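Biologist: I am new to this structure and would like a close look at a single part of it, the longer chain's two domains and how they meet. Please take me through that part slowly, and add whatever neighbouring detail helps.

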Amino acid sequence: MARGRPEEDAELQKRRRGRNIAMLVVLLGLALLFYLIAMVKMSQGGG
Amino acid sequence: MKEAAASLAFSGTTTLDASSARDWLELLKPRVVALVVFTGLVGLMVAPGHLHPVLAFTAVLCIAVAAGAAGALNMWYERDLDARMRRTAARPIPAGRIAPGQALGFGLTLAAGSVVVMALATNAVAAGVLALSIVFYVLVYTVWLKRRTPQNIVIGGAAGAFPPVIGWAAVTGHVGLLPVLMFLVVFLWTPPHFWALSLWAHGDYARAGVPMLPVVAGARATRRQIFLYTLILLPLSVLPWALHLTGPVYGVAAAALGAWFVVAAWRVLRDAQDTAGVSLTRDAPAKALFRYSLLYLFVLFAALAMDRLVG
């Protein structure tokens, strides 16, 4: 990636961090959701 | 900050780097999703039977994600139109913050994921109707109808009417008469809602070459159509009560809300206008009708949910 002006680099870093945190939250949420769905389905005796 | 953000798209930076999490969220049209989620949730609440809260939450989440995915695919396909319209030119794709290919991949992934998870968490009927709603919005409305016919909103409006049916099917595994009637209510509500907006936004649509009714048939004909649709909507919205599918809480609310909808549409019809049908009040009645139409749908579905809770 070509380096830009310092304020552009700072802005890019900020956006990348924001995207990464959002992705982490989504993935953790999905893992929890799939776990809960599996628990409920098993307690109901199958799929 | 704004200057730095604006310069990113032109500084050799990849569009992925230029995008923020908010841009990806914007691609999902969150304001449209809110209405869709609400009607889907009510469909789920009024259905006979029981769905485990985790599965109910998953079903509503799938409806939201599918609606967002359809929105992203719509923005991907309409990026040329969006760039020409003032209202949409700042969206992530025309503004250069998200590349078209990225938006397409994002939309397809979410669409497929929402249908698969819906099938695993609830049943095949709910997943099938969910898939149908995405296909309808993207292929029938966005790709086929929107640029070809002023009836685009009439037929395409069906896409936004599916959520109550999906919510109901998630609980019961089939489609009943009440969700079909609620589908028809949203279906008939959509044209007056969007035509009211297009009465004052038609300059944007004309510039983009979208054949919305005011662009093709004129403002006067659009006002007549708005009034006609609200006249049909009123008895249809009361029909679930007349057929004893709901109680009086819903019935009275539907009659009162529908009557006021007709009054608001009548004001649009009688708006002061010149010989060409151009509003002399800056479309104040149309703007009022647009705002009221949103309130109408929220309150009508809230009344349906309340009716089931007290009934």
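**A close look at chain B**

Modeller: A good place to begin is B:Lys29, which sits in the loop that runs between helix H3 (21–26) and H4 of chain B. Please keep in mind throughout that this is a predicted model. The phi angle of B:Lys29 is near 45 degrees, which is a positive value in a residue other than glycine, and B:Lys29 counts as partly exposed because 18 other C-beta atoms lie within 10 Å, while a buried residue would need 20 or more.

From that loop we can turn to the two domains. The domain assignment divides chain B into domain 1, covering 17–175, and domain 2, covering 176–311, and the C-alpha centres of these two domains of chain B are 22 Å apart. Where they meet, 29 residues of domain 1 of chain B are in contact with 28 residues of domain 2 of chain B. On the side of domain 1 of chain B that touches domain 2 of chain B, at least two residues come from each of helix H4 (30–46), helix H6 (79–84), helix H9 (152–156) and helix H10 (163–172) of chain B. H4(B) gives the most to that side of domain 1, with seven residues. Sorted by class, the side of domain 1 of chain B that touches domain 2 of chain B holds 17 nonpolar, seven polar and five charged residues.

The largest nonpolar core has 100 residues, and those that touch the most other members are B:Ala59, B:Ile63, B:Ala66, B:Ala72 and B:Leu130. Helix H5 (residues 53–77) of chain B gives the most to this core, with 16 residues, and the core draws at least three residues from each of domain 1 (17–175) and domain 2 (176–311) of chain B. To see one member in detail, take B:Leu130: leaving out residues up to four places away in sequence, B:Leu130 touches B:Cys62, B:Ile63, B:Ala66, B:Ser114, B:Val115, B:Met118 and B:Ile166.

In domain 2, helix H11 (residues 177–208) of chain B deserves a careful look. A straight helix of 32 residues would span 46 Å at 1.5 Å a residue, whereas H11 of chain B spans only 40 Å between its end C-alpha atoms. H11(B) also bends by about 80 degrees at B:Ala201, and just after H11(B) comes B:Gly209, with a positive phi of about 80 degrees.

Further along, helix H13 (residues 219–242) of chain B contains B:Phe227. B:Phe227 counts as partly exposed because it has 19 C-beta neighbours inside 10 Å, where 20 or more would make it buried. Although B:Phe227 and B:Pro192 are 35 residues apart along the chain, their C-alpha atoms are separated by 7.6 Å. Setting aside its neighbours within four places in sequence, B:Phe227 is in contact with B:Ala265, B:Trp266 and B:Leu269.

The loop between H13 and helix H14 (248–269) of chain B holds B:His244, whose phi is near 60 degrees, again a positive value in a residue other than glycine. B:His244 counts as exposed because it has 8 C-beta neighbours inside 10 Å, and 12 or fewer place a residue in that class.

A brief word on the other chain may help to complete the picture: chain A has one helix and zero strands, and buried residues make up 9% of its 47 residues.

Terms used
Residues numbered from 1 in each chain as written. Chains lettered and ligands numbered in written order. Predicted model: local features only at pLDDT ≥ 70, side-chain atom pairs only at ≥ 80, totals over all residues. Helix = DSSP H or I, 4+ residues; strand = E, 2+ residues; numbered from the N terminus. Expected span 1.5 Å × (residues − 1). Bend = angle between axes of the 7 residues up to and from the residue. Domains from an automatic or database assignment. Contact = placed C-beta atoms within 7 Å. Nonpolar A, V, L, I, M, F, W, Y, C, P; charged D, E, K, R; others polar. Core = buried A, V, L, I, M, F, W, Y, C linked by C-beta atoms within 7 Å.
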